[in-house]
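Here are a few exercises to work through with the structure open beside you. Try each task before reading its solution.

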Amino acid sequence: MKKVALLGSTGSIGTQALEVIEKHGLKVTALAANRQAEKLAEQAKKFHPECVCIYDEFQAGKLKELLSGENIEILTGMNGLCQIASDKNADIVLNSVVGMVGLLPTLKAVKAGNDIALANKETLVAGGELVMKAAAENAAIERQRQDLIDKIAEGITVDIPPVMVEEQITKMIRERELQLQAAGMSMEEYFQESGHAMDELRESMREDAEKAVRISLMLETVAETEDIHVDEQDYRYELAVLAATYGIPPKEIQKIIRKERQGALLVSNALRRKVISFLVENNIKPPVEERPVEEKEAAPVEEKESEDK
């Protein structure tokens with residue numbers, strides 16, 4: 001089950017986020033609020049986080065009374081916010097804290113290497129340079145990991161059937177469509193603005209698509225060897241990540257996936273995420289082996305059905 005730490009849980013964004021979390025069956029590891037002790041206690045009793053933080057320390061006593069008998073750690077002040085933001089127990093930190101208070105927790109989350117969903121504009125307006133610098137440092141570490149995977153993938157010396165490359169290009173174009181939609185632009189408008197055609201776009205993606213196929217083959221080998229699978233929780237988490245990444249409500253993302261039959265794309269992304277996490281966490285060098293890749297006929301991407309309607 002994917003886990004979320006939520007800063008600013010009693011505000012409008014926070015309460016809406018909890019509705020999404022509940023709908024998609026995600027786990028809340030921590031909640032933090034400014035001074036609404038009653039509402040925070042109500043949320044804690046419903047979602048059972050491991051800890052909660054009340055920023056206004058004068059409300060801490062009241063919160064302790066409201067949560068007496070609950071097995072929930074109570075934190076206070078800026079230290080509490082930073083502790084939650086940097087806790088690696090969460091898969092993603094949603095920061096919807098109002099004002100400059102959200103800056104330091106964001107920096108702590110970035111330096112801890114946690115994924116962040118940022119709903120706090122002041123953090124980037126006033127401290128954007130600091131956040132970007134910290135993010136760049138963390139990105140450098142991620143690039144080192146990706147470089148390792150790329151080098152291993154280059155060692156897989158097999159002939160890739162053209163149909164697999166074409167299918168990968170199609171997946172990449174579908175992801176591009178989501179990016180454009182988040183920016184309020186259609187693919188047709190993109191072609192008009194860029195002056196390019198679909199054939200040119202596909203050709204420009206070919207080299208990256210071939211690399212992606214080789215990496216996928218390697219990750220599939222690891223997944224098969226280590227018995228790593230994608231379950232419904234992984235699928236829902238990937239759906240939530242897409243929604244946060246592109247700024248599109250989860251329901252709209254779901255509609256797009258169903259309409260364009262992109263369920264398999266989410267499954268592929270989820271498996272990739274799980275295998276890479278497994279390799280990094282266990283410091284395992286993925287197997288590099290030559291193996292035949294059978295030619296196959298192109299087939300439409302099947303949609304993975306979700307319980308969400």
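## Salt bridges, helices and the sheet

Seven salt bridges are found in the structure, which is a predicted model. The exercises begin with some of these pairs and then turn to packing.

**Exercise 1.** Find which residue forms a salt bridge with Lys-46, and say which helices the pair ties together.

*Solution.* Start at the side chain of Lys-46: its partner is Glu-22, and the closest N and O atoms are 3.2 Å apart. Next, place the two residues: Lys-46 lies in helix α2 and Glu-22 in helix α1, so the bridge ties together parts that are 24 residues apart in sequence. Finally, check Glu-22 for accessibility: its relative accessible area is 45%, so Glu-22 is partly exposed.

**Exercise 2.** Describe how α1 and α2 are arranged, and list which residues meet.

*Solution.* Two packed helices are described by the angle between their axes and the distance between the axes. Here the axes of α1 and helix α2 (residues 37–47) come within 13 Å and cross at roughly 10°. Angles under 35 degrees count as roughly parallel, and α1 is therefore roughly parallel to α2. Now look at the contact: Thr-15, Leu-18 and Glu-22 in α1 meet Lys-39, Gln-43, Lys-46 and Phe-47 in α2. Sorted by type, the residues of this contact are two nonpolar, two polar and three charged.

**Exercise 3.** Arg-35 forms a salt bridge with Asp-56. Decide for Asp-56: buried or exposed?

*Solution.* The closest N and O atoms of Arg-35 and Asp-56 are 3.3 Å apart. Arg-35 sits in the loop between β2 and α2, while Asp-56 sits in the loop between β3 and α3, 21 residues apart. Buried means under 20% relative accessible area. With 16%, Asp-56 is therefore buried, whereas Arg-35, at 44%, is partly exposed.

**Exercise 4.** Work out the strand order of the sheet and name the edge strands.

*Solution.* Six strands form an open sheet with parallel pairing, in the order β4-β3-β2-β1-β5-β6. The edges are β4 (73–76) and β6 (115–118), each of which pairs on one side only. From one strand to the next, the twist averages 20°. For one neighbouring pair, β2 (residues 27–33) and β3 (residues 51–54), four bridges make the connection. Within that pair, Ala-33 stands opposite Ile-54 in β3. To finish, add a helix: α1 (residues 12–23) lies across β1 (3–7), β2 and β5 (92–95), and runs at about 165° to β1.

Key: Residues are numbered from 1 along each chain as its sequence is written. This is a predicted model: local features need pLDDT of at least 70, side-chain atom pairs count only at pLDDT 80 or more; totals for chains, interfaces and linings use all residues. Side-chain values use heavy atoms; hydrogens and water are left out. Two strands pair if DSSP finds at least two bridges between them. Axes are lines fitted to C-alpha atoms, for helices over the stretch in contact, and angles run from 0 to 180 degrees between N-to-C directions. Contact means heavy atoms within 4.5 Å. Angles under 35 degrees count as roughly parallel, over 145 as roughly antiparallel, 65 to 115 as roughly perpendicular and the rest as oblique. Ala, Val, Leu, Ile, Met, Phe, Trp, Tyr, Cys and Pro count as nonpolar, Asp, Glu, Lys and Arg as charged, and the others, Gly among them, as polar. A salt bridge is a side-chain nitrogen of Lys or Arg within 4 Å of a carboxyl oxygen of Asp or Glu. Buried means under 20% relative accessible area, exposed over 50%, partly exposed in between (1.4 Å probe, protein chains only).
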